[in-house]
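Q: I am new to this structure and would like a close look at a single part of it. Could you take me through the place where its domains meet, and connect the details as you go?

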Amino acid sequence: MRWKQLILLCLAAVLAAGTAGCGQKDDGSDGNGKITLTLWYWNRSMDDNLLKQVEQKFPNIHLKAEKIGGDFKAKLMAAFAARSGAPDIVGLNDWVAEFFPNRDQFVNLFDYGSKELKPLYLEWKWNQTVTPDGQYQIALPMDTGPTALFYREDLFQKAGLPTDPKEVSAQLKTWDDYIAAGEKLKKATNGSVYMFDNINTVFNQTLAQSDKLYFNTADEFIGDQEPVKRAWDNAVKVHELGLSAGISGGTPEWNAAMNKGDVASFIGAVWMKQILMDAAPDTKGKWRIARAPGGDGNSGGSFIAITKQSKHPKEAYEVIKWLENPENQLNTLGTYNLFPSTPSIFGDPKMTPQEPFFGNQRTNEIFSESAKHVKSAYRGPKFSIANSVFSDKLSTVENQNLPADQAWQEAIKRIRKELLLY
Amino acid sequence: MIGQPIWKKALLHLVLIVGVVLSVFPFYWLAVMATSTTSDIYRFPPKLTFGSQLIVNVQNVLNHINFFSSFLNTVFVAVVSTVLVLFFCSLAGFAFAKFEFPGKKVLFTLLLVTMMIPSQLSLIPSFMIMQKLGWVGTFKALIVPGMASAFGIFWMRQYATGAVHDELLSAGRIDGCGTFRLFWNVALPILRPGLAFLGIFHFIGSWNDYLWPLVILTDPAKYTLQVTLSQLNGIYNTDYAMVMAGTLMATLPLLIMFLLVSRQFISDIAAGAIKD
Amino acid sequence: MTNPNTAPAATGRKPAGKQAELWREIVKNRAIYLFISPFYILFAIFGLFPVLFSLYLAFNKWDGIGRMRFTGLNQFRYLVTDVQFWKAIWNTLQIWVYSTIPMLFFALLIAFLLNAAFLKYRTLYRIAYFLPNVTSIVAVAIVFGTLFGNKYGLLNFVLTSIGLAPVQWLSSAFWIKIAIASMVVWRWTGYNAIIYLAGLQSIPSVLYEAARIDGASTWQTFTRITVPLLRPVILFTVLTSTIGGMQIFTESQVLNGNGGGPGGAGMTIVLYLYQLAFVKYLFGYASTVAWGLFVIIAAFSYLNYKIVQRPDAS
């Protein structure tokens, strides 16, 4: 009697697991001659309504847009490693260059005539999509992250600093100006308010303003030279003058510090607007935006690509070409605050509404100017290897009082050693 | 409670209550966040009292993601996978605990060895295996690998070693039981508390599993809860109040299940295994 | 333990019959092999293969997508002089000491208390203690981030309110480890307590009765009856805590991100491994690290096993 029960149980379990697991083989088309394209993106990286419109614009296409939360890269890499399971169209973040060594996982958009689209996009953004030999374009630009100075108008006034955005942009032109203003603020508030949130921001934002980063286009390490050294020195100077609050971004601590007014400014990308608004509702109306001291830069931003596993690359190309045209980018700005990569629309009034959180300033005027002046810089696939070491050393300097010169030497040494693993 | 002095009772309760407060507090705060707004969550000093936003947050969750279908998927995967694990691990654990056979040491050591290799590394090779088997995107891929739980066998072996006494098995043999009946009729009832524990633990693990389902599932209709919930996170900023509400919704069923099953392995009267 | 299956072993085997003897043993135990084979077949595919694959990878360079390039022992040579690796091992060992020892001690204590025959509100206690293990820790990440904040954290708020100095939970090399360790203790004490409780349930109450009649004190009952009978379960928790403790990952990632905090003070060995594989695309070297870790875990586990499995005194 027990045997029967056992066998039945096993059978039931196997049947259940087996039938539930019946996945249809997807050859990318259904009965009516429509083709199916899958698209992977993450929350708020693309306009959901726009994606719905794809099927109206392209009646022969059925678009399966899938939101992937969390570890997007791990999922994509698993699909690449197994050579199956990748979507037709995929969103990529600013780590797009990390895929240059494996560019053959993506369709070369030049093969579909994408060169004709170049004039539509910001040149530095376009350059990020093309491999250093200029032959292979692995993605089209999506949104960008032009940077600017976020500052508290009321705290600046207290310190006797200029408050109007135009004046701030004019008077805080260099990092030295910015640091000097920081000292003024410290004196005026008896050290209770900091000009900078942490020195990693100083380092990264100085770097974002440069035309060279850690590697040259032959992927050789040049991070021990200018401008990396200058970014490092800026960060160290801010630390030694005691002008940084030492609070890492993206943490509840940072949010609390902003909300309480313990930090008076930071250089950040346009997408920091939403973060700041969520983090510091008590400071509504007190923030303003000015041009960043040291120059304009870019931080973040995303891209859209077609994987080689796609069975319909031609149709996919038409779709992404349409998704990222200037008109659609203009509309996406309104809904999701995703800053466009197509400068032709920068003059449109829809780009520059008044924003109450920033005292009714039309902040995108500043961000548009910033976006137009970003310098083109080569990131390369190993950018984050070098960046993570510098970040770690800087936070050790800031939090555990490691001497700065020693930290620099250790950073260079460690990066060179790790590069041997590649 | 005969003969125990008051101070002993009080001390006992005090120690336990301190432990309870420490255990429960983060969960309490989670509930507070789920009833607040996202801005409230960032306040300092932190807000520790319940807000009034629970309904709003829950509605947000339901609007953004397909909660109930993921819920059903998760239940299905967790239940089937747990039943299978209980059966196969108790069978094998019993064998290791009570019998000698050639190769026993080697086989068991192999288990321990694999437990010592971090599972993060097996993500990509496991995906490649699934691709070869054609199981990518199926529930099979979630259920079947879990059945080979080294931890499960190890636990059942240890429990069986202590709980199932050899005299019982000998008695069973004398009564004419075959090996399977020894397992099914004699050992299994005694193993019940151990099984209940393994069941609960495996169920929770399956329920909260995130990275593997994220990577292996392709059809959003098949997503399990943790994967679906992760869709609520934005790349630059997140509505934490909504996410916390979603987390609360995903955790409550586990609590209820734990309540129901815990009686199985924590009986109010200490059970005697040897009948007089 | 006696084996109900075999007759008393014969003395003086004939050498020629050894193979045959082995085969006879196997056939005699075929039911047992049947019992374990479903498991081992699945295990071979889903458990063993990835492990063997990672062993193979340890001798190759691989970015996870492209071609694999054989490098022989180079990565092992690198491992021996890799400062980050040894630092991570040292961090992990410290966190293990700060977390596992208090955790197992509290777990045993709580289980013992919860098992007391005179306890009311049992169910509520059980739920409360198991609660930490029920929630996904990633979900409660923000709770701990807010708890341990340097300037605006709840813990420091409480400390300064009662006049103590705030602790640099997230920046100090030492306190980061304590923060991670306390997350581990929080999460796993109840779980281990439940394990001990399940084990305690299998100790016949008859024995306790007999001890009480003989006039044994609580301490004597605990050391002479409870602990020895609980030994298999204790061994289980010690071994799984050792293996699990050396692989602490989520708690550290949740608190400090992938970088392990300032100076890598919170960088555990598995976090380092994860960073190598998924952030730096060094799957080959990550596998090498995993096998280096294996050697250490195996040695450490063996040590703990020997300590717990003392030969019985009587």
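A: What follows describes the interface between the domains of chain A in this predicted model. The domain assignment gives domain 1 of chain A as 2-144 + 300-351, and domain 2 of chain A as 145-299 + 358-421. The C-alpha centres of domain 1 of chain A and domain 2 of chain A lie 32 Å apart, and where the domains meet, 18 residues of domain 1 of chain A are in contact with 22 residues of domain 2 of chain A.

The size of an interface is often given as the accessible area lost when the parts come together. Between domain 1 of chain A and domain 2 of chain A the buried area is about 1700 Å², and carbon and sulfur atoms give 57% of that area. On the side of domain 1 of chain A, the residues that lose the most area to domain 2 of chain A are Trp124(A), Gly300(A) and Phe339(A), which together make up 33% of what that side buries.

Turning to polar interactions, the count between domain 1 of chain A and domain 2 of chain A is six residue pairs in polar contact, and the rule finds one salt bridge across this interface. The side chains of Asp94(A) and Arg379(A) meet in a salt bridge, with a distance of 4.0 Å from N to O.

As for the side of domain 1 of chain A that touches domain 2 of chain A, helix H4 (123-127) and strand S7 (298-306) of chain A each supply at least two of its residues, and the residues of that side divide into ten nonpolar, six polar and two charged.

Methods:
Residues numbered from 1 in each chain as written. Chains lettered and ligands numbered in written order. Predicted model: local features only at pLDDT ≥ 70, side-chain atom pairs only at ≥ 80, totals over all residues. Heavy atoms only, no water. Domains from an automatic or database assignment. Contact = heavy atoms within 4.5 Å. Buried area = accessible area lost by both parts, 1.4 Å probe. Polar contact = N/O pair within 3.5 Å; in protein donor to acceptor, adjacent residues only side chain to side chain. Helix = DSSP H or I, 4+ residues; strand = E, 2+ residues; numbered from the N terminus. Nonpolar A, V, L, I, M, F, W, Y, C, P; charged D, E, K, R; others polar.
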